[in-house]
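Welcome! Here are some short exercises to work through with the structure in view, each followed by a worked solution.

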Amino acid sequence: MYMKKIIVMSAAALVMSGCGIYNRYKPAEEVPEGLYGEEYTAAGEAAADTACFGNLSWREVFSDPCLQALIDSALVRNTDLQAAQLKVEEAEAALLSARLSYLPSFFFTPQGAISSFDGNKATKTYSVPVTASWELDIFGKLTNAKRQARVGYEQTKAYAQAVRTQLVAGVANVYYTLLMLDAQQAVAVETEAAWKASVETMRAMKQAGMVTEAALAQTEATYYGIRTQVLGLKEQINTAQNSLCLLLAETPHTIERGELAGQQLPEHFSVGIPIQMLSNRPDVQAAELALARSFYSTNAARAAFYPTITLSGSAGWTNSAGAMIVNPGKFLASAVAQLTQPLFNRGMNIAQLRIAKAQQEEARLSFEQTLLEAGVEVNEAIEAYQTAKNKAVFYEQQVASLETAVRSTQLLMKHGSTTYLEVLTAQQTLLSAQLNQVANRFAEIQSVITLYRALGGGRI
C-alpha cells in the first residue's frame, strides 16, 4: 500500500511538471536555402530524380584496377579506420549497458563471523543472502541515458563512415598525384634528352664560331635546370609513394600504378538536392547526432530535479536471530522501497542544467556550421571541375601551337633565318606548357574526388 502511494504521488508530480523530460529529439528536415550556391542548388533541384553522384559506389567512380586494389587494402589495413571501428564497438557496449539498466541488479553476498566475549565459547554466525535492487524509471533518468547512449552509438558509426569516406578519397588523391608526377617526369626526362643534344650541338657551333659564349652558357644553364627538375620530381614521387604506404599501413615500397593518360572518371553527375546532405554526409550526420546527444543530456539534467525511486530486497538463510543463535539456520526475507527527492544540492543541479543547455546550443551552432561548410565544399568542387575542364581546351591549343612553333623555328634555323637560341626558347616554353597541362588534368581529377567526398561518397 505504501509503495502504491509513492508511485501515485510521483506520477502526479510528473504530470504537473510538464518539463518535457520524455521528449524525443526531432531530426532536422530543412537546410539553409541555396546551400550549394544559387546556380548549383537550382540545378540540383531540377535534377532531383537523377541519382546523386555521392550515392555511387567508389568502384563505379574509380575504375582503375590498381587503384581499386589499393583502396581495398586500405579499407582492411588502415589503422585510423580500425580505431574508428573499435570506437563503434565501445559505443555499442555502452548502449547495451544503458539498456540493461532497466533490469534489477542481483548480488550474492555470503557472510560468516566468529566472536567470543571475555573468553567464553566462540559463537559462529553466517548469512547467505541474495540481494536485489531495482530503480523505477518514472522520471526518465534511465530513458534519457539510454537514448543518449543510442545517439552516441550512431554518432560513432557516422564518425567511422567519415573516416572511411576520407580514406577512400585520400587514397585516390595520392594515387592520382603519383600518376601526375609520373607524367610530368616523363615530359621532363624527354625534354632533358633533347636539351642534352642541344647543348652538344651548341658546343660544336661555338667551336665553329657560329654562336657566342653567352648563348652556350644560357643553353647549359637551362639544361642543368631541367636536370634538377627531373631530380625534384623523382623525390616528389618517392614522397607520394610513402604517403600512400602510410594510408595502407605498409612499409615504404614501390606502388603499382597505371598512367594518367588512360584514366576515366565520370564527367556527368548530379549533385542532388541539398536536403540529401543530412543523410549522405557522415560529418553532417555526426554533427546532428551530437546535437541530439546534448538534447538528451539536457533532459537528463532536468530529470535530476525529480525523485529517484528504488526497490530493494534480500532473501537467504541465516542462523543469527539478534541475540540468539538459531541452529539450523532459518529463511529470512526483507523488502524496502526508497524515495530520494533532492531538496538542496548546493545549486549543483541548477548549474548542471545550465551547462547542459549551453552545450546544446553550442552543438546546434556546430551542426549549422558543418552544414554550411559542406555546401561550400560542393560549390568549390564543382567550380574547380568546370574551371579545369575549360582550361584543358586552352592548354591543348597552347601545346599544339607551341609544338608548331618548335618545328617552325627548327626549319627556319636550317635555312639560316633564325638562331638556335630561338629554337631552345620555343622548346623551353613548350616544356612549361606540357607540365601545366598535366597539372591541370590532375586538378580536374582532384575536383571530381573532392566533389565525390563532399557529397558523402565512399559508402559502399
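Please keep in mind that this is a predicted model.

**Exercise 1. Classify glutamate 377 and its salt-bridge partner by accessibility, then place the pair in the chain.**

Solution.
- Step 1: Glutamate 377 has a relative accessibility of 25%, so this residue counts as partly exposed.
- Step 2: The partner in the salt bridge is arginine 281, and the closest N and O atoms are 3.2 Å apart.
- Step 3: Arginine 281 counts as buried, because its relative accessibility is 3%, and buried means under 20%.
- Step 4: Glutamate 377 belongs to helix α10 (residues 348-414), while arginine 281 sits in the loop between α8 and α9 (282-303), so the salt bridge ties together parts that are 96 residues apart in sequence.
- Step 5: Salt bridges with shared partners join Arg281, Asp283, Glu377 and Arg453 into one network.

**Exercise 2. Find what links helix α6 to helix α7, and say whether each partner is buried or partly exposed.**

Solution.
- Step 1: A useful idea to start from is that side chains of opposite charge can pair when their charged atoms come close.
- Step 2: The side chains of glutamate 192 and arginine 227 form a salt bridge, at 3.3 Å from N to O.
- Step 3: Glutamate 192 is in helix α6 and arginine 227 in helix α7, so this pair connects parts 35 residues apart in sequence.
- Step 4: With a relative accessible area of 17%, glutamate 192 is buried.
- Step 5: Arginine 227 has 42% and is therefore partly exposed.

**Exercise 3. Find the salt-bridge partner of aspartate 182 and describe where both residues lie.**

Solution.
- Step 1: Aspartate 182 meets arginine 257 in a salt bridge of 2.5 Å, N to O.
- Step 2: Aspartate 182 is in helix α6 (residues 141-207), and arginine 257 is in the loop between α7 and α8 (277-280); the two are 75 residues apart, and the pair links distant parts of the chain.
- Step 3: Arginine 257 counts as partly exposed, because its relative accessibility is 22%.
- Step 4: For the wider picture, the salt bridges number 14.

**Exercise 4. Check whether the span of helix α7 agrees with its number of residues, then look just past its end.**

Solution.
- Step 1: Helix α7 (residues 213-247) has 35 residues.
- Step 2: The expected span uses one less than the number of residues; at 1.5 Å a residue, this helix should span 51 Å.
- Step 3: The end C-alpha atoms are 52 Å apart, which agrees.
- Step 4: Just after α7, alanine 249 has a positive phi of about 60 degrees.

**Exercise 5. Describe the ring pair of tyrosine 223 and tyrosine 224.**

Solution.
- Step 1: The ring centres are 5.5 Å apart and the planes make an angle of 50 degrees.
- Step 2: The pair is tilted, because planes under 30 degrees apart count as stacked and those over 60 as edge-to-face.
- Step 3: Tyrosine 223 counts as buried at 9% relative accessibility, whereas tyrosine 224 is partly exposed at 43%.
- Step 4: There are six aromatic pairs, and ring pairs link Tyr25, Phe295 and Tyr296 into a cluster.

**Exercise 6. Locate the nonpolar surface patch and one of its exposed residues.**

Solution.
- Step 1: Phe106, Phe108, Val128, Val130, Trp317 and Phe331 make a nonpolar surface patch of about 670 Å².
- Step 2: The elements giving two or more residues to this patch are β1 (105-108) and β3 (123-136).
- Step 3: Phenylalanine 331 lies in strand β5 (residues 324-340) and counts as exposed, because its relative accessibility is 54%.

Technical notes: Residues numbered from 1 in each chain as written. Predicted model: local features only at pLDDT ≥ 70, side-chain atom pairs only at ≥ 80, totals over all residues. Heavy atoms only, no water. Patch = residues over 30% accessible without salt bridge, like charges linked within 9 Å, V, L, I, M, F, W, Y side chains within 5 Å. Areas by Shrake-Rupley, 256 points an atom, 1.4 Å probe, with all protein chains shown as cover. Salt bridge = Lys/Arg side-chain N within 4 Å of Asp/Glu carboxyl O. Helix = DSSP H or I, 4+ residues; strand = E, 2+ residues; numbered from the N terminus. Buried < 20%, exposed > 50% of the residue type's maximum accessible area, 1.4 Å probe, protein only. Phe/Tyr/Trp six-rings, centres within 6.5 Å; stacked < 30°, edge-to-face > 60°.
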